[in-house]
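Colleague: I should be grateful for a close look at a single part of this model. Please take one residue as the point of entry and proceed from there to the packing around it.

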Amino acid sequence: MIDQKNMNRENYHHYVEAELSLWLMEVKKPPSFFGKISSGIQGKVNSWIPEKVHKAISVAIENMVKTVLAGSDLVKPTPKASLTFMERELLVRKRIKWFRNTASAEGAITGAGGILLGLADFPAFLTIKMKLLFDIASIYGLDAKSYQERLFLLYVFQLSFSSQSRRNDLIGLIENWDMHVSDLPKELTDFDWKTFQLDYRDYIDLAKLFQLVPLIGAPVGAIANYKLTDHLGRYAMNCYRLRMKAKVDVG
């Protein structure tokens, strides 16, 4: 991992540009053959799960996200305006690490509790991930209390947990956010919740399904939550870098 404390601003600027470019290549690549096969497997696994479970999870996801987005208590105070971009990113990395460990512990606890606690992991883990996004937005100096910024959080979340083909559709919106603001949903009720739910569920179902299995649920839950949180943090950092790229001189 990069040693930000011993890197000057100019070098860090070049590092960010390189990391952002590599991430964009990853997000924009065409769907792979393996990805298409995985989608087929995902569909098969979904067919084995009772429809009432699917519906319960869908409703829980939508209601939980709406509740979290509506809450102002999740918005941390904005850091000092005098912080450099590099200093802000150091804080972001620290928050990702903290949430990564918190999510891992939560996954281990719920995974050890069998099917009932395993199902309870979905809303709990969802809240952790959304809280991470709120903190990241705040650290970058954006007003996470505003409707537009909360809507941006939803699209960052969706980009992070979706298929490669869906990412290809969403990245243009993230890259040109200011140009698309006027065309975005005016109310949260107008947001495409069905697609949001399906993208999220399809992405995490395989990773989280084995958390419900006795004996292996705890380690699987810990590892899955750790990796998924780290993945979200990396995507969020790069999404906000795109937002700030035009006005950031890293200093």
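Modeller: The residue chosen as the point of entry is K131, which belongs to helix 5, residues 114–139. The model is a predicted one. Although lysine is charged, K131 counts as buried, because its relative accessibility is 18% and the cut-off for burial is under 20%. K131 also brings together distant parts of the sequence: L69 is 62 residues away along the chain, yet the two C-alpha atoms are 9.4 Å apart in space.

The wider setting is as follows. The protein chain contains 10 helices and zero strands, so that its pattern along the sequence reads α-α-α-α-α-α-α-α-α-α. Of its 251 residues, 47% count as buried. Among contacts with a separation of 6 or more, 82% join residues 24 or more positions apart.

From helix 5 the path leads to helix 6 by way of F157. This residue lies in helix 6 and counts as buried, with a relative accessibility of 1%. Beyond its neighbours within four places in sequence, F157 is in contact with L126, K129, M130 and L133, and also with F196, Y200 and L232. One of these partners, K129, is 28 residues from F157 along the chain, and their C-alpha atoms are separated by 8.5 Å.

Helix 6 itself comprises residues 147–160, and its 14 residues should span 20 Å at 1.5 Å a residue; the C-alpha atoms at its ends are 20 Å apart, which agrees. Most of the helix is covered, with 12 of the 14 residues buried. The buried set includes E149 and R150 as well as L151, F152, L153 and L154. It continues through Y155, V156, F157, Q158, L159 and S160.

The next partner is helix 7. Helix 6 packs against helix 7 at an angle of about 150°, with the axes 9 Å apart. The pair is therefore roughly antiparallel, and the crossing is left-handed. On the side of helix 6 the contact involves F152, Y155, V156, Q158, L159 and S160, which meet R166, R167, L170, I171, L173 and I174 of helix 7. By class, the residues of this contact are eight nonpolar, two polar and two charged. A general point bears on such lists: an α-helix has 3.6 residues a turn, so residues three or four places apart point the same way.

Helix 7, residues 164–175, also packs against helix 1, residues 9–28, at an angle of about 135° and with the axes 8 Å apart. These two helices are therefore oblique to each other. Helix 1 contributes W23, L24, E26, V27 and K28, while helix 7 contributes Q164, R167, N168, I171 and E175. Here the residues divide into four nonpolar, two polar and four charged. R167 and I171 of helix 7 thus appear in the contact with helix 6 and again in the contact with helix 1.

Q164 of helix 7 completes the view. It is buried, with a relative accessible area of 14%. Apart from its neighbours within four places in sequence, Q164 is in contact with E26, V27 and K28, and also with K29, P30 and P31.

Notes
Residues are numbered from 1 along each chain as its sequence is written. This is a predicted model: local features need pLDDT of at least 70, side-chain atom pairs count only at pLDDT 80 or more; totals for chains, interfaces and linings use all residues. Side-chain values use heavy atoms; hydrogens and water are left out. Axes are lines fitted to C-alpha atoms, for helices over the stretch in contact, and angles run from 0 to 180 degrees between N-to-C directions. Helices (H or I, at least four residues) and strands (E, at least two) are DSSP runs, numbered from the N terminus. Angles under 35 degrees count as roughly parallel, over 145 as roughly antiparallel, 65 to 115 as roughly perpendicular and the rest as oblique. Contact means heavy atoms within 4.5 Å. The expected span of a helix is 1.5 Å times one less than its number of residues. Buried means under 20% relative accessible area, exposed over 50%, partly exposed in between (1.4 Å probe, protein chains only). A crossing is left-handed if the near helix is turned anticlockwise from the far one by less than a right angle, and right-handed if clockwise.
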